[in-house]
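Reader: I would like to learn how to read a model like this one, feature by feature. Could you take me through the general idea each time, and then the case at hand?

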Amino acid sequence: MDAAAGATRRVCVTGAGGFIASWLVKLLLSKGYIVHGTVRDLGDKKNAHLKELENASANLQLFKADMLDYDSVRSAIAGCEGVFHVACPVPSTRSLNPDVSLFFIFIDSYHSISFF
Ligand SMILES: NC(=O)c1ccc[n+]([C@@H]2O[C@H](COP(=O)([O-])OP(=O)(O)OC[C@H]3O[C@@H](n4cnc5c(N)ncnc54)[C@H](OP(=O)(O)O)[C@@H]3O)[C@@H](O)[C@H]2O)c1
């Protein structure tokens, strides 16, 4: 990814407020990309650091999206030429077989972006 690679290019990063995604958003913004970052709660203080990143005021747009909600994901990635799917859905309830449940949640989240 060279310094000019991101000029005028638009990409989406899912789960933008997460650990890995935050560093990715920072890198993309530093390279000049316009970034659509998805978060589940736009008002959550744990996502506030994103707005402090270099170039964020001009090039970072945050979208409220849950990976299991197709329409919210579609809105977030509209107009993007690439999606970095970093969000890591976890179930809100305990499962008798968490490995199987997590597998299907991951598959569902990929279905949400599979039209891209
Ligand atoms: N951290 C590491 O060292 C490491 C190493 C290797 C691989 N990984 C992998 O990288 C991925 C991200 O890890 P991480 O450490 O960055 O995790 P993290 O900090 O927990 O971030 C996960 C992100 O996913 C979002 N998310 C969870 N469920 C969602 C849903 N249903 N819809 C939309 N967003 C959802 C969370 O949003 P909320 O804030 O709203 O919950 C959060 O922003 C994981 O798959 C992990 O296994 C991580």
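Reader: What percentage of the 116 residues in the chain is buried?

Author: This is a predicted model, in which local features need pLDDT of at least 70 and side-chain atom pairs count only at pLDDT 80 or more, while totals for chains, interfaces and linings use all residues. Residues are numbered from 1 along each chain as its sequence is written. A residue is called buried if 20 or more other C-beta atoms, placed from the backbone, lie within 10 Å of its own, exposed if 12 or fewer do, and partly exposed in between. Here, buried residues make up 26% of the chain.

Reader: Which pattern of helices and strands does the chain follow along the sequence?

Author: Helices (H or I, at least four residues) and strands (E, at least two) are DSSP runs, numbered from the N terminus. The chain has 4 helices and 4 strands, and they follow one another as β-α-β-α-β-α-β-α.

Reader: In what order do the strands lie in the sheet?

Author: Strands of a sheet pair through backbone hydrogen bonds, either parallel or antiparallel. Two strands count as paired if DSSP finds at least two bridges between them. In this model 4 strands form an open sheet, ordered S3-S2-S1-S4, with parallel pairing. Its edge strands, each pairing on one side only, are S3 (60-64) and S4 (82-84). Strand S2 (residues 34-39) pairs with S3 over 5 bridges in the parallel sense, and Gly37 stands opposite Leu62 in S3.

Reader: Which strands does helix H1 touch?

Author: Two residues are in contact if their C-beta atoms, placed from the backbone, lie within 7 Å. Angles run from 0 to 180 degrees between N-to-C directions, the axes being lines fitted to C-alpha atoms, for helices over the stretch in contact. Helix H1 (residues 19-30) packs on the sheet and touches S1 (10-13), S2, S3 and S4, its direction making about 170 degrees with that of S1.

Reader: Which residues have the most contacts inside the largest nonpolar core?

Author: A nonpolar core is a set of buried Ala, Val, Leu, Ile, Met, Phe, Trp, Tyr and Cys residues joined through C-beta atoms within 7 Å. The largest has 19 residues, and those with the most contacts inside it are Val13, Ala16, Val25, Leu28, Leu29 and Val35. S1, H1, S2 and helix H3 (70-77) each give two or more residues to this core, and H1 gives the most, with 4. Leaving aside neighbours within four places in sequence, the contacts of Val35 include Val11, Val13, Val25, Leu28 and Leu29, as well as Asn59 and Leu60.
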